[in-house]
Each structure stands twice: as structure tokens, then as C-alpha cells.
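Here is a friendly note to read with the model open beside you. Take the points in order, and find each residue on screen as you go.

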Amino acid sequence: MTGSEGEPASDSGSGPDSDSAPVPVVREARPADADAVAAFTADTWGERHDDYIPRVFPEWAESDDPDRGTFVATLPPEAVEAAGLDDREAGDTHVAGDGDGAADAGDPEAVVGCIQGVSLSEWEAWGQGIRVDPAARGHGVGTALSEAALDWARDRGATVCRNMVFSWNVMGLGQSRAVGFEPETEFRFAEPEPDPDALDGSDAGDSAAVDIAALDDPDPNAAWAFWSDSDARDRLRGLALDPDESWACSQLTRERLATAAAEGRLLAVGDAGGLAGVAVRTRVTEREVDGETTRTATYGVAAWRDVDAAGALFDAVAADAAGVDADGARALIPETVEHVSDAAANRVSVAAEPDFVMCADLTGGR
């Protein structure tokens, strides 16, 4: 299970003999686990990009939020020391046990995996941040972590738990299927450039959508009706980025559209025929890289009528992103030939790879 990614949590491949291998013990995370987690997540994705877990795990472990459950998997130190990696010192993942993990209180144990479950609504849960120490693969760590998170979600009344997996992360996909997740949908991010002049007509010659205009005060009920009948809703199974959890997807509701409209985050375009497209700004985030702060406006979903409406809607997104001083923008769109090519036809960049959302049905118990 994951956050905006899909972690390499597979236990496949060669590993210790199943009859003699120690069983991982999953317990609640503690602040003291942070350094150990950082040790085995320092190079999760190699040259693709940095892992966010070392940055956020300390906050996860310190949180007492009842809507979040953060867990770690533990093993006796000797179970993983023999498979230690060349770039890590022996003991980097060791912590003092408290009696709830693989060791008695005061004795050392190895922290070899992590995961977080999040309640998104009364019935929706999200699994994210699953990581397994490469030195501990073959011990069933990924399965133990996933089952702990799913049990946590069931205990809070969730009937479904979803996760997100990078399309290229074959191990993460396999691990998700192995513990009961089924494919639900796939999406990609369109990335229009913020432009304060996008709606002033100066580029009308580049767009066929000259008769489709941005609406100053979008009606959330009309937006809900448009979304309900859209191909995007069908393709995305009703999902959009969650308003509170950065990388989670949950059901887009009429109430969420009303809140977005009241807060000036609902965008819509239309013509004489009615609404032609809608988008919702979910959040604006800041990140500091090499001493420079960049702002990104993220739009939890974008849906449109046709290729011309797509152009008008992306113009509205570009102008809105500029209005919140964003350096970049991204909008979640369905992963279909039509939607991706509609963006491309309007000279809007699209992320190179899609993301997959998977869903586990929790109604049957274990």
C-alpha cells in the first residue's frame, strides 16, 4: 500500500527457509524508530526520485491523530544482519524493544518495515508509505504490514481501503494483489503552465475553444451534475484526490464541490450549451529544493466535454494557478487515450507515466 507511489514491498524471490525463519512482529511506530526507518528508505527509488518517507516519518510516529495508524515491522537483529547492505553499518536499523515488537523491553530489535493507514471518510481508508528493508525481504514483512493496516481500517468501520502504486513498480503491484487489493482505476497528471494571461484571449488563435469561457461563479450543483454524467467520473470510478490527505484518492462528493465553490477552488467553463468542463483545486504546496522554494497548485480532478472544452479548462487552470502564485500546476485526469491526447492536442504537458489505484474490500473480514 502506498502514498503517491507504490513501494517495493514484495517478499517474492529467494529468502530464508519458511520453517525456520522468524515471523515479523508489527507494532505501533514510535519516534525512536525514525532513524532506523530513514536508514532503509534512504535510496528507495534510486535515481528516479527521492523518497518522502525519511522526511515525514518522524511526524507520523509522533502523531496521536485517531484517524491515522502508523506501524513498523520488527525482527530479531540476527535475522537481517547476515543480509546487511554494503552501504549500511550493522545496527543502523536497531532500536531498543519495548516488549510489543520482536524483542523484550530493553533488548535490541531491527525495524525492517513501515506503513500508515488513514481514515478518509466513514467508510474509506487509505494505505500509504509501505516500505520493506531490502535486507529483510523473504520474511513476509510486506504481508504482515499490509494485514496490520487493513485490520486497523476495519476496526474503524472502513468498508474499503485503497492504495496507489506507480505503474512501473511491479513488485508493489504484486504485493498489493497478494494481500487482497484489486485494480480500481488509473490516472495521469496533466501539467499546464501557470499563466496569468491564459484567459485574456491573447492566445485565441492557438485554441479552438474560443466560444467556451471560464465561469466567474461556478454553481456546485451544476458542477456535480456535469461530473456525475462525465466519462471522467466513470473512468475514475468517482475518485479524485482527497482534500485532506495529500496523495490519497477518495470519492468526490456534492458536498466537497460545494465547499470548493465557497472557498473559490471550483473552476468551470461553459458555453451556450451549458457546462463544458470542471476542475477542483485541491491544495497548494511548497517545497524547498537546493535553497529555493517552489509552489505547486494541485487540482484533484479535471473533467471536460471534448477536446475544445479541455483547452478552455486547462486555460482556466493555468490562470488559477498563476493567481495563487504557483510555479507549477498539475491536474489529475483519467488514463485514457482520449483524455491524454486531449491534453496533448492543447499543448499541455502530461506526466510520463500513470499511477494505479487499487482497492481492497473489507466487508468480508479476514
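1. Start with confidence, as this is a predicted model. The pLDDT averages 90 over the protein, and 88% of the residues score at least 70. Please be careful with residues 202-208, where the pLDDT is below 50. In the model this stretch has five contacts beyond near neighbours in sequence.

2. Next, the overall make-up. You should find 10 helices and 16 strands in the protein. The chain has 366 residues, and 52% of them count as buried. About 16500 Å² of the protein is exposed, with 44% of that supplied by carbon and sulfur atoms.

3. How much of the contact count comes from residues 24 or more positions apart? Among contacts with a separation of 6 or more, such pairs account for 77%. One pair to look up is Trp-168 and Phe-356: they are 188 residues apart along the chain, yet 9.6 Å separates their C-alpha atoms. Trp-168 sits in the loop between β6 (160-166) and α5 (170-178). With a relative accessibility of 24%, Trp-168 is classed as partly exposed, because the buried class ends at 20%.

4. Now colour the largest nonpolar core, which has 29 residues. Those touching the most other members are Trp-126, Phe-187, Trp-227, Cys-249, Leu-257, Val-301 and Leu-332. Several elements give two or more residues to this core, including β7 (182-191), α8 (254-262), β12 (274-289) and β13 (292-304). Which element gives the most? That is α6, with four residues.

5. Where does this core lie with respect to the two domains? Domain 1 (23-157) and domain 2 (186-355) both contribute residues to it, so the core lies between them.

6. Phe-187 is a good residue to zoom in on. Leaving out residues up to four places away in sequence, its partners include Met-164, Leu-236, Ile-333, Pro-334 and Val-357. Phe-187 also touches Cys-249 and Leu-332, both of which are named with Phe-187 among the core residues that touch the most other members. There is also a second, separate core of 28 residues, and Phe-71, Ile-130, Ala-135 and Met-358 are among its members.

7. Is Thr-41 buried or exposed? Thr-41 belongs to helix α1 (residues 34-41), and its relative accessible area is 0%, so this residue is buried. A polar atom of the Thr-41 side chain lies 2.7 Å from the backbone oxygen of Val-37. Apart from neighbours within four places in sequence, Thr-41 is in contact with Asp-51, Ile-53, Pro-54 and Arg-131.

8. Finally, check two backbone angles. Arg-237 has a phi near 55 degrees, a positive value in a residue other than glycine. Look for Arg-237 in the loop between α7 (231-236) and β9 (239-241). For Arg-347, phi is near 60 degrees, again positive in a residue other than glycine. Arg-347 is located in the loop between α10 (337-345) and β15 (349-350). How do their accessibilities read? Arg-237 has a relative accessible area of 48% and is partly exposed, whereas Arg-347, at 69%, is exposed. The two fall into separate classes because exposed means over 50%.

How values were computed: Residues numbered from 1 in each chain as written. Predicted model: local features only at pLDDT ≥ 70, side-chain atom pairs only at ≥ 80, totals over all residues. Heavy atoms only, no water. Buried < 20%, exposed > 50% of the residue type's maximum accessible area, 1.4 Å probe, protein only. Contact = heavy atoms within 4.5 Å. Areas by Shrake-Rupley, 256 points an atom, 1.4 Å probe, with all protein chains shown as cover. Polar contact = N/O pair within 3.5 Å; in protein donor to acceptor, adjacent residues only side chain to side chain. Core = buried A, V, L, I, M, F, W, Y, C linked by side-chain atoms within 4.5 Å. Domains from an automatic or database assignment. pLDDT = per-residue confidence, 0-100.
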